[in-house]
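Here are some short exercises to try with a structure in front of you. Take each task slowly, then compare your steps with the worked solution.

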Amino acid sequence: MKPSVYAGTFDPITNGHVDIIKRAASIFDRVYVAVAESTSKQVMFPIEQRVEMVKDAIADANLGGAIVVEPFSGLLVDYARRINVQVIIRGLRAVSDYEYEAQMAHINRHLDESMETVFLVTSKQCAFISSSIVKNVAANGGDVSGLVPTMAAKRLSGK
Ligand code: COA
């Protein structure tokens, strides 16, 4: 059984993240979606709500229970080791993502040399989406449906 982990802040989860999770689930037997409890980012949603929005967004794709959503804290490699995972999934949207992603892949391998990072290129309709841009659109009264899953869109408009 080959499991993988897809980690992020998911503040909130976007359709771009969902695209990566579903595609990872078609390659790996199990995908752990790890929601970072503490992050250097100023978050809009508390950890419980970020986890809940991820669970809701992938519910239709997870009838077999192969996608496990849970919070994590500390180093990603430590969490991955605890759940016995050696593959980290990352999404690449554009060339501009590469430098940061390469740095993360290197540091994770420096911390644990058994850890491999696998990159999936984001589907083109999601290539321009980020959590910050979606929050900015919502904060200015714009329509975020089509950019984020339903529960995230409701929560954003509630804010
Ligand atoms: N579709 C849409 N948006 C995407 C995306 C995709 N496929 N891939 C990334 N993004 C967006 C995210 O929404 C996020 O947007 P934002 O900056 O507007 O919030 C941005 O790209 C960066 O996302 P990501 O790389 O997932 O960063 P993150 O801050 O959400 O998560 C962690 C980073 C949690 C994975 C990383 O900090 C970590 O591993 N932390 C644990 C501590 C650790 O191990 N540190 C050492 C290694 S860095």
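Helices and strands here are DSSP runs, numbered from the N terminus, with at least four residues for a helix and at least two for a strand. Keep in mind that this is a predicted model.

**Exercise 1. Check the span of helix α1, residues 15-27.**

Step 1: The expected span of a helix is 1.5 Å times one less than its number of residues. Step 2: Helix α1 has 13 residues, so it should span 18 Å. Step 3: The end C-alpha atoms of α1 are 19 Å apart, which agrees with that expectation.

**Exercise 2. Decide whether Val 18 is buried or exposed.**

Step 1: Locate Val 18, which lies in helix α1. Step 2: Recall the cut-offs: buried means under 20% relative accessible area, and exposed means over 50%. Step 3: Val 18 has 9% relative accessibility, so it counts as buried. Step 4: Look along the helix for others; the buried residues of α1 also include Gly 16, His 17 and Ala 24.

**Exercise 3. Compare the backbone and surroundings of Phe 10 and Asn 84.**

Step 1: Start with a rule of thumb: most residues other than glycine have a negative phi. Step 2: Phi of Phe 10 is near 50°, a positive value, and phi of Asn 84 is near 65°, also positive. Step 3: Find them: Phe 10 is in the loop between β1 and α1, while Asn 84 is in the loop between α3 (76-82) and β4 (87-92). Step 4: Apply the cut-offs again. Phe 10 has a relative accessible area of 3%, so it is buried; Asn 84 has 65%, so it is exposed.

**Exercise 4. Find the cis peptide bond that involves Pro 12.**

Step 1: Go to the loop between β1 and α1, where Pro 12 lies. Step 2: The bond joining Asp 11 and Pro 12 is cis, with omega about 0°. Step 3: Set this beside the general pattern: most peptide bonds are trans.

**Exercise 5. Describe how the protein holds polar atoms close to the ligand's oxygen atoms.**

Step 1: Begin with side chains. An N or O atom in the side chain of His 17 is 3.1 Å from a ligand oxygen, and one in the side chain of Ser 131 is 2.9 Å from a ligand oxygen. Step 2: Turn to the backbone, where an N or O atom of Leu 76 lies 2.8 Å from an oxygen of the ligand. Step 3: Consider the cover: taken alone the ligand exposes 920 Å², and the protein buries 82% of that. Step 4: Place the ligand, which sits in the largest pocket. Helix α4 gives the most to the shell around the ligand, with five residues.

Methods. Residues are numbered from 1 along each chain as its sequence is written. This is a predicted model: local features need pLDDT of at least 70, side-chain atom pairs count only at pLDDT 80 or more; totals for chains, interfaces and linings use all residues. Side-chain values use heavy atoms; hydrogens and water are left out. Buried means under 20% relative accessible area, exposed over 50%, partly exposed in between (1.4 Å probe, protein chains only). A polar contact is a pair of N or O atoms within 3.5 Å; within protein, one must be able to donate a hydrogen and the other to accept it, and residues adjacent in sequence count only if both atoms are side-chain atoms. Accessible areas come from the Shrake-Rupley method with a 1.4 Å probe; for residues, only the protein chains shown count as cover. On a 1 Å grid over the protein atoms alone, a cavity is a set of points where a 1.4 Å probe fits but cannot get out, and a pocket is an open set with protein on both sides within 12 Å along at least five of seven lines; lining residues have an atom within 4 Å of a point. A molecule sits in a cavity or pocket if more than half of its atoms lie within 2 Å of its grid points.
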